[in-house]
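Please open the structure in the viewer and follow the selections below in order.

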Amino acid sequence: MKKKSTSRGSKQAALIVGVGNYAPEVGKLPAVANDVRAMGDLLASRKGMFTKATTKVLLNSQAKRGSVLNQLKSLFQNAPADGTVFAYLAGHGMVLGDEYFYLPYDYDRNQPKDSSVPLAELKAMFDATSANRAFLWLDCCHAGGVLRRRSSSDETAIISRTLKAVKGTGKVIVAACKPDQSAYEDSGIGHGLFTNALVRGLKGEAKTTSGEVTAGSLYDFIDQCVTHPSQQPMFFGEQTGRIVLMNHGPRKAGSGASPKTNKVTKSNKPKPTAARTKGTWVMLDDDFHVASKVRSHSDGSIDLTLTPHSPESEARIVSLKPRGFSHRGKIRYAADNDACDVKVTEVVKEIVRGKPCYTVRLKSSEQTTNQMMEMSIQGLSPDELAQRRIGRLLFDDPPSTSSSGYGEEQFIENAISGGFSDVKIAGSVIQEIYRSHGESSDWRSFARLKAISMMKASGAIEHVFELTIGPVRTNRVKVSFRGLRPRRYANQDPAAIRLDGYCQLG
């Protein structure tokens, strides 16, 4: 797997577009000029992932329709596959018929469609880019003087319909399209309300423990800053890997600047919130560790190279050492899309460049499948029971009440919740991990590993193709899952399961 580059250079390109000096009948937006200048300066700064040469700014008279479309086309078409592109548009927007439009500087109310930038055309260019890291930010408010405004729910539906189903992976669109100008700007801060949070996040308040401001951490930060439902931005696309926008260096102890929230219940268990070593998260039992290297061998053995990120983390790694007959035996292991029962056979410590590094050798054990999941129960097939169990694990789906009698309902519920097996499903593991690790910027990685482990341990899934957990919005996250059931018959393909929905966090 290729290492993703986070260095500045020609492969990173940004386009910042803003119009505030509209004709009086459209409505001026004085804060836009500050927004555009701040965005351009930040992204091309020493800590930004772009350069002055690769950061293009179009402000007011520079942002005419032809220039905007030409620059967007150039940005998206010329981006290499391993490049990063960032586009930001601020100004007025409007709905005309069933379409949404961005209003450039030379907007003509007598020819509204021909003088505006259709959101659908912008989306098509975004979809067609070869870049595997692309971020589009739309910060628009309704041009109240242009035409009679549709209801805000209608506008939201039109925007959502236009932007949904982003093509490709690693592409993210955030649409902060507000219903009126008062929602856009605040003279007290000199910026648009959304852009104020965006700029604060880029300056470092949205940085992860490794010091990077990514598309994901930035959206999470803004989601916490903007609490009113009518003002929350919409998120589209699938983030795979990291879209890095700024690099401030590792966060110093005690310097976290994220907004305070009462959503998380603190626990006494140490959490991996200190500056972490680059690598991938793995789960061993109920602990999460950073692995700089994971090797899986054909004989079922697994080698992990773990670098402790705190004294507590090192203590938990040391506790994995086999200790004769007193050792705890099998533990759960998960990494990437795989999970199994393992035994720890060896833990070796090295000092590399003055820092401790551990090699943990594991031996996978034969997976014990929940046999009740392979039986039809009260008319429900094993595949249907597996899908219900996954729904409980991911979304905390409630017990079904479709059966006619209490005995039938209880029997089905026992099969779903693990009453007949050693793997008990009490509810959503996403909710569980959020409660215990929600203060960590990596909690979604932890929840993903725990969910995969539980699905495989229960026998519900053999192969995981996709499991994504989106950023927190209005105290919930969007979850998408695709996986393949174990093969039950030699002459029959295993069933595929796909679930999409939202998991409430509180």
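Begin by selecting strand 16 and strand 17 in this predicted model: the two form a hairpin with two residues between them. In that turn, aspartate 336 has a positive phi of about 55 degrees.

Next, display the pairing within the hairpin. Strand 17 covers residues 338-352, and five bridges join it to strand 16 in an antiparallel arrangement. As an example of facing residues, select alanine 334, which stands opposite alanine 339 in strand 17.

Now add strand 13, residues 280-284, which runs antiparallel to strand 16 and is joined to it by three bridges. Here leucine 284 has tyrosine 333 of strand 16 as its bridge partner.

Keep strand 16 alone in view, residues 331-335. Are its residues buried or exposed? Five of the five are buried, so the strand is largely enclosed by the rest of the structure. Show the side chains: Ile331, Tyr333 and Ala335 point one way, while Arg332 and Ala334 point the other way, and all are buried.

Finally, colour the protein by confidence. The mean pLDDT is 77, and 71% of the residues reach 70 or more. Select helix 2, residues 65-77, where confidence is highest at a mean of 95; then select strand 8, residues 185-186, where it is lowest at 50. Two further stretches deserve a selection. Over residues 1-6 pLDDT stays under 50, and the model has 10 contacts beyond four places in sequence for them. Over residues 179-184 pLDDT also stays under 50, with 25 such contacts. Where pLDDT is low, the predicted coordinates should not be read in detail.

Key:
Residues numbered from 1 in each chain as written. Predicted model: local features only at pLDDT ≥ 70, side-chain atom pairs only at ≥ 80, totals over all residues. Heavy atoms only, no water. pLDDT = per-residue confidence, 0-100. Helix = DSSP H or I, 4+ residues; strand = E, 2+ residues; numbered from the N terminus. Contact = heavy atoms within 4.5 Å. Buried < 20%, exposed > 50% of the residue type's maximum accessible area, 1.4 Å probe, protein only. Pairing = 2+ DSSP bridges.
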